[in-house]
Amino acid sequence: QVQLVESGGGLVQPGGSLRLSCAASGSIFSIDYMGWYRQAPGKQRELVAGFASGGRTNYADSVKGRFTISRPNTKNTVFLQMNSLKPEDTAVYYCNADITTIGNRKWNYWGQGTQVTVSS
C-alpha cells in the first residue's frame, strides 16, 4: 500500500504565505514524479506545479513567480511554497505522484487534499 498525506493548508490573508507538504509512504521502490493540483468549487482540477525526476519543474502560468515546488533528494516528500497568495488561489490542493512499488507496479496516486483559503 502507498499513501500520500498532505499538510499545511489553512486560512491566510491576501498577500500571505503558506507551505504545503506531501509525504509518500508505504511499499515504494521509486518516485518518478510528484506534483500539486488544485480544485476550486465549480471548477475542474488543474495542475499547479510538478517536479519530475532529474529536477525538472513546471508551473501553471497563474502561479509562476509566486509558488515554488521542491523535493529533497533523500525523502519521499514534496513541498509547495506559496507566496503572495490571492483569493483566486482558494481551492483544495491535492498531492499527486507517479510511484513504482516494491512489487514493480507503477501507479498514479492522489492524496486526500488540503484546503487553502485566501480571504481577508
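**Figure 1. Tyr94 and its ring partner.** Tyr94 is buried, with a relative accessible area of 15%. The model shown here and in the other views is predicted. Tyr94 belongs to strand 9, which spans residues 91-101. Its ring pairs edge-to-face with that of Trp110. The two centres are 6.4 Å apart, and the planes meet at 85°. An angle over 60 degrees counts as edge-to-face, so this pair qualifies. Trp110 sits in strand 10, 16 residues away from Tyr94 in sequence, and the pair links distant parts of the chain. Trp110 is partly exposed, at 39% relative accessible area.

**Figure 2. The aromatic cluster around Trp110.** How many aromatic pairs does the model contain? The count is 2. Tyr37 and Trp110 make one of them, with ring centres 5.0 Å apart. Their planes stand at 65°, so this pair is edge-to-face. Tyr37 comes from strand 4 (residues 28-39) and Trp110 from strand 10 (residues 106-110). The contact therefore ties together parts that are 73 residues apart in sequence. Tyr94 and Trp110 also form an edge-to-face pair. Tyr37, Tyr94 and Trp110 thus make up one aromatic cluster.

**Figure 3. Two arginines over aromatic rings.** Which ring does the charged end of Arg45 sit over? It is the ring of Trp110, with the charged end 4.6 Å from the ring centre. Trp110 also takes part in the cluster with Tyr37 and Tyr94. Arg19 offers a second case: its charged end sits over the ring of Phe79. Here the distance to the ring centre is 3.9 Å.

**Figure 4. The hairpin of strands 9 and 10.** Strand 9 and strand 10 pair in the antiparallel sense over 5 bridges. Asn96 stands opposite Trp110 of strand 10. The two strands form a hairpin, with 4 residues between them. Asn104 lies in the turn. Its phi is positive, about 65°, although Asn104 is not a glycine. Is Asn104 buried or exposed? Asn104 is exposed, with a relative accessible area of 63%.

**Figure 5. Ser84 in the loop between strands 8 and 9.** Ser84 occupies the loop that runs between strand 8 and strand 9. Its phi is positive, about 50°, although Ser84 is not a glycine. Ser84 counts as partly exposed, at 40% relative accessibility.

**Figure 6. The disulfide Cys22-Cys95.** The structure holds 1 disulfide. A disulfide is a covalent bond between the sulfur atoms of two cysteines. Cys22 and Cys95 form it, with their sulfur atoms 2.1 Å apart. The torsion about the S-S bond is about -80°, so the disulfide is left-handed. Cys22 lies in strand 3 and Cys95 in strand 9. The bond therefore ties together parts that are 73 residues apart in sequence. Are these two cysteines buried or exposed? Both Cys22 and Cys95 are buried.

**Figure 7. The open sheet 1-3-8-7.** In what order do the 4 strands of this open sheet run? The order is 1-3-8-7, and the pairing is antiparallel. Strand 1 (2-7) and strand 7 (67-70) are the edge strands, each pairing on one side only. From one strand to the next, the twist averages 15°. Strand 3 (residues 18-26) and strand 8 (residues 77-82) pair over 6 bridges, in the antiparallel sense. Ala23 has Thr77 of strand 8 as its bridge partner. Strand 3 also carries Cys22 of the disulfide.

**Figure 8. The whole chain, for orientation.** The protein has 0 helices and 11 strands. Along the sequence it reads β-β-β-β-β-β-β-β-β-β-β. Its C-alpha atoms fill a box of roughly 50 × 25 × 20 Å along the principal axes. What radius of gyration would a compact globule of 120 residues have? The value would be near 14 Å; the protein has 14 Å, which agrees. Buried residues make up 42% of the 120 residues. Among them are Cys22 and Cys95, as well as Tyr94.

Methods. Residues numbered from 1 in each chain as written. Predicted model: local features only at pLDDT ≥ 70, side-chain atom pairs only at ≥ 80, totals over all residues. Heavy atoms only, no water. Phe/Tyr/Trp six-rings, centres within 6.5 Å; stacked < 30°, edge-to-face > 60°. Buried < 20%, exposed > 50% of the residue type's maximum accessible area, 1.4 Å probe, protein only. Lys NZ or Arg CZ within 6 Å of the ring centre and 35° of its normal. Pairing = 2+ DSSP bridges. Axes fitted to C-alpha atoms, helices over the stretch in contact; angles between N-to-C directions. Disulfide = S-S within 2.5 Å. Rg over C-alpha atoms; globule rule 2.2 N^0.38 Å.
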